[in-house]
Amino acid sequence: MLDKDILLYLLYECYLQARRHKRHTHSQMEFEQHLEDNLVQLCDDIWTWNYKISPSIYFVQQDPVKREIFAGNFRDRIVHHLIFDLISPYREKQFIYDSYSCRTSKWTMFGTSRIHKFMIWASQNFTKEARILKMDIQWYFMSMDKDILRWKIKKFIDSRIDFPWKWSQEIFPGWKFIIWNGFPKFLEKIIYDTIYNDPTKTWIFRWKKSDYIWLPETKSLFYSKPHCGLPIGNLTSQLFSNIYLNDFDHFVKENLKIKYYGRYVDDFVLIHQDKEFLISQIPIIREYLAETVNLKLHPKKIYIQEVKHGVEFLWAKIYPYCIQRGKRTIRNFVKMLNATKYNPPRESLDSFLWLMMHCWNYGIIYKFLHKIGKEKIKYISDFASWFLE
């Protein structure tokens, strides 16, 4: 059974996850200043049903595209990781294999590699014609219906009798699982509170006000319909977005019999040898999304073309015989190099090299490494030096 001591330990593990790459933020440092007291207080608030969501930090992200972000307070981020860890292991079994967003061992590189394999398999190693249909859901995060999302999560929670939680052998030797008799009601309440939380009611602005003047109504939570829209910037929003379209994924794979299908958040690709068959699926998909989850296909982002011409997916151009990273990635790296006067941080350089290497863009790698200079690279990164040996 889940007791208060176990909950406190789970919150501590979620704290360790939440602080990764966030140790420089004000809310994280403020929370860590009195770590033990704050964790105990958070545990007490959750256990006694008194947990309240703090105001989100609002800003406009400039790269790779402009969008508004409602970032949760660090205290709430710990709770987001708790929700993710509670739900994700069981939902993973229900997700299709080719849903790539925010999942263990799956991300953009995995998605691009899978689509490339689909192109090979559908065209029988490019000996036959095959077509790619790429579509996008219009204003996805702003349009998600919270009532539908709550119903989908409640259906999952009610279907579970026992909830095993993997336990650390180092803390309690011999304990492998904790079995919960049903989902704890106070945790269920926190999940629903997170879904229905409206960050536009209370928020802290930490950016230039001129940056959000550009925002159209369709890209802002401030103009979303009642009980619609999830904030971009929270871990729970990524998880909920996967849950929201999970039934759609199964519909495409099982009802429409699309063998080669992959989705990353609101972008998805279908590959088939018959062009007319793919065209005939567009109105079926449009109707399904409208009737079941109140979503619309983006009318200007429906593309169909031959496999040999490639497809842009997950910030990469996927061709039959290679994968090229998108121009935006290279442009952002050049901008960073200019800003640092060609003395890039090791993490940024290694990340860029890793992306280029997995996309087989070795020409671009050597071009930039020679621009930075061998002497500089020797002191920045061993991984980068390896390319020049």
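**Strands and a surface patch in a predicted model**

Trainee: In what order do the 3 strands of the open sheet stand?

Mentor: This is a predicted model. The open sheet here has 3 strands, and their pairing is antiparallel. Their order is 10-11-12.

Trainee: Which are the edge strands?

Mentor: An edge strand of this sheet pairs on one side only. That fits strand 10 (311-313) and strand 12 (323-325).

Trainee: By how many degrees are neighbouring strands of this sheet turned against each other on average?

Mentor: Direction is ignored for this angle. The average is 25 degrees.

Trainee: Which residue in strand 12 is the bridge partner of A316?

Mentor: Start with strand 11, residues 316-318. It pairs with strand 12 in the antiparallel sense over 3 bridges. Across from A316, the partner in strand 12 is R325.

Trainee: Now strand 3. How many of its residues are buried?

Mentor: Strand 3 spans residues 131-136 and is mostly covered. R131, L133 and M135 point one way, while I132, K134 and D136 point the other way. Buried means under 20% relative accessible area. The count is 6 of 6.

Trainee: Which residue of strand 8 stands opposite L133?

Mentor: Strand 3 pairs with strand 8 (residues 267-272) over 6 bridges, in the antiparallel sense. Opposite L133 stands L270.

Trainee: And what is the bridge partner of K134 in strand 9?

Mentor: Strand 9 covers residues 303-306 and pairs with strand 3 over 4 antiparallel bridges. The partner of K134 is Y303.

Trainee: What accessible area do W203, F222 and Y223 have together?

Mentor: These residues form a nonpolar patch on the surface. Y223 lies in the loop between strand 6 (203-205) and helix 9 (235-244). Together the patch residues have about 300 Å².

Terms used:
Residues are numbered from 1 along each chain as its sequence is written. This is a predicted model: local features need pLDDT of at least 70, side-chain atom pairs count only at pLDDT 80 or more; totals for chains, interfaces and linings use all residues. Side-chain values use heavy atoms; hydrogens and water are left out. Patches are made of residues with over 30% relative accessible area and no salt bridge: like charges are joined within 9 Å, nonpolar side chains (Val, Leu, Ile, Met, Phe, Trp, Tyr) within 5 Å. Accessible areas come from the Shrake-Rupley method with a 1.4 Å probe; for residues, only the protein chains shown count as cover. A salt bridge is a side-chain nitrogen of Lys or Arg within 4 Å of a carboxyl oxygen of Asp or Glu. Helices (H or I, at least four residues) and strands (E, at least two) are DSSP runs, numbered from the N terminus. Two strands pair if DSSP finds at least two bridges between them. Axes are lines fitted to C-alpha atoms, for helices over the stretch in contact, and angles run from 0 to 180 degrees between N-to-C directions. Buried means under 20% relative accessible area, exposed over 50%, partly exposed in between (1.4 Å probe, protein chains only).
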